[in-house]
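User: I have a new structure open and don't know my way around yet. Can you walk me through it?

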Amino acid sequence: WRGWEGAPYSTLVPSDEVTINYKHGLPVITLTLPTRNERCQFTVKPLVTTVGAFLQDVQREDKGIERAEVFATDGIKVSDATLMEILLMNDFKLVINNTAYSVSPPVKDKLSSEHATEMEDIKSLVHRLFVALHLEDHQIRKERELLQKLDHLKGELLPLEQMKARIMDSADAKTSRLLWVGLALMSTQGGALAWLTWWVYSWDIMEPVTYFITYGSAMAFYAYFLLTRQDYIYPQAKDRQLLHYFYRKSKKQRFNVERYNKLKDDLAEAEESLRRLRQPLHLRLPIQEINDKD
């Protein structure tokens with residue numbers, strides 16, 4: 001047979017020359033080094049070792065090896081990035097210099113259910129030990145990072161909070177003036193209608209006028225609903241006008257509302273993370289001990 005590049009191999013050696021056995025759960029590949037003509041064992045970790053790393057180990061062991069490659073049984077070259085675990089699933093051909101070794105990996109026995117359960121228990125125990133040993137350091141480091149983040153966010157928010165308070169006071173004052181102006185206009189309108197009704201004209205003349213004023217007010221409220229998709233309820237209308245004045249004032253004073261909201265969200269998220277980090281159940285400490293520390 002011919003290799004991936006089309007060059008024929010001078011020798012095709014039976015599979016006995018390269019053997020694979022499992023020791024302590026790891027595959028051990030035994031082969032004959034061409035220059036030193038001696039058998040050598042290579043223990044690989046199939047989950048982390050790649051084909052390229054294995055071939056480099058072979059070449060480092062025998063400096064006389066100029067060529068080391070792995071091919072599938074159909075002659076297709078196996079990539080150096082392929083994990084050994086994948087390679088050992090099927091037969092393959094190991095090429096060293098001009099000699100091709102036919103390799104047949106043994107079928108690894110599957111773990112019994114009892115042994116698999118024991119392995120899972122061991123893994124769980126190791127994980128708990130790791131958490132117990134490193135949890136306190138991790139908690140302290142994480143808490144320090146969150147406290148530093150909180151200080152940084154509060155420092156950035158302080159000037160924005162002061163500017164926001166000034167803008168909000170100005171917008172609230174303008175909104176209050178507008179409400180009082182509305183009351184004054186309504187009082188003026190009521191007084192004018194009373195004066196026209198009892199001193200200038202009669203009710204028979206003023207009745208149609210008041211009707212059309214009422215109808216015009218209904219049209220104004222309906223137009224407000226079409227524009228805002230909200231009923232004209234006094235608290236909601238006041239809040240809407242307050243926001244209108246606030247955003248207009250913010251634009252004039254170049255107050256970045258989006259950046260302010262982003263900082264507030266980050267601050268709330270950091271405070272929530274710190275609160276969760278200090279929870280007794282998360283720290284796995286008694287509640288009384290946590291209260292004493294606070």
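Analyst: We can start with the overall make-up, then take the cores, the pocket and some single residues. Keep in mind that this is a predicted model.

User: OK. How many helices and strands does the protein have?

Analyst: The protein has eight helices and seven strands.

User: And what share of the residues is buried?

Analyst: Buried residues account for 25% of the 294 residues.

User: What about the exposed surface, how much is there and what supplies it?

Analyst: The protein exposes about 21,100 Å². Carbon and sulfur atoms supply 57% of that area.

User: What percentage of the contacts join residues at least 24 apart?

Analyst: Take the contacts between residues at least 6 apart in sequence. Of these, 57% join residues at least 24 apart.

User: Now the inside. How many residues are in the largest nonpolar core?

Analyst: The largest nonpolar core has 24 residues. Those with the most contacts inside it are Leu 31, Phe 54, Val 70, Phe 92 and Leu 94.

User: Which elements each supply at least two residues of this core?

Analyst: Five strands and two helices are on that list: β3 (26–33), β4 (38–43), β5 (68–72), β6 (92–96) and β7 (99–103), with α1 (51–61) and α2 (84–87). The largest share, four residues, comes from α1.

User: Why would nonpolar side chains sit together like that?

Analyst: As a general tendency, nonpolar side chains in soluble globular proteins are buried together.

User: Pick one core residue. What does Phe 92 touch?

Analyst: Leaving out residues up to four places away in sequence, Phe 92 touches Ile 20, Val 70, Phe 71, Thr 73, Leu 87, Tyr 101, Ser 102, Val 103 and Pro 105.

User: Which residues belong to the other core?

Analyst: Another core, of 18 residues, lies apart from the largest one. Among its residues are Leu 150, Leu 153, Leu 160 and Ile 167.

User: Switching to pockets. What volume does the largest pocket have?

Analyst: Its volume is about 640 Å³. The pocket is lined by 17 residues. Gly 182, Met 186, Phe 221, Tyr 232 and Tyr 234 lie nearest its centre.

User: Where does the lining come from?

Analyst: Helices α3 (113–200), α4 (203–228) and α5 (234–252) each supply at least two lining residues. The largest share, seven residues, is from α3.

User: How does the lining divide into nonpolar, polar and charged?

Analyst: Ten of the lining residues are nonpolar, five are polar and two are charged.

User: Anything to say about α5 beyond the pocket?

Analyst: His 244 lies in that helix, α5. His 244 counts as partly exposed because its relative accessibility is 42%. His 244 and Thr 175 are 69 residues apart in sequence, yet their C-alpha atoms are 9.5 Å apart in space.

User: Now backbone angles. Which residue other than glycine has phi near 60 degrees?

Analyst: That is Arg 254, with a positive phi. Arg 254 is in the loop between α5 and α6 (257–277).

User: Is Arg 254 buried or exposed?

Analyst: Arg 254 has 77% relative accessibility, so it counts as exposed. Asn 97 has a positive phi too, about 55 degrees, and is not a glycine. Asn 97 sits in the loop between β6 and β7. At 21% relative accessibility, Asn 97 counts as partly exposed.

User: Back to α1. Where is Thr 49 found?

Analyst: Thr 49 is in the loop between β4 and α1.

User: Why does Thr 49 count as buried?

Analyst: Thr 49 is buried because its relative accessible area is 14%, and the cut-off for buried is under 20%. Beyond its neighbours within four places in sequence, Thr 49 is in contact with Val 44, Phe 54, Thr 82, Leu 83 and Met 84.

User: And Asp 57, which helix holds it?

Analyst: Asp 57 lies in helix α1. Asp 57 counts as partly exposed, at 30% relative accessibility. Asp 57 and Val 44 are 13 residues apart in sequence and 10.0 Å apart in space, C-alpha to C-alpha.

How values were computed. Residues numbered from 1 in each chain as written. Predicted model: local features only at pLDDT ≥ 70, side-chain atom pairs only at ≥ 80, totals over all residues. Heavy atoms only, no water. Buried < 20%, exposed > 50% of the residue type's maximum accessible area, 1.4 Å probe, protein only. Contact = heavy atoms within 4.5 Å. Areas by Shrake-Rupley, 256 points an atom, 1.4 Å probe, with all protein chains shown as cover. Core = buried A, V, L, I, M, F, W, Y, C linked by side-chain atoms within 4.5 Å. 1 Å grid on protein atoms, 1.4 Å probe; cavity = no way out; pocket = protein on both sides within 12 Å on 5 of 7 lines; lining within 4 Å. Points joined across faces, edges and corners; volume = space filled by probe spheres on them. Nonpolar A, V, L, I, M, F, W, Y, C, P; charged D, E, K, R; others polar.
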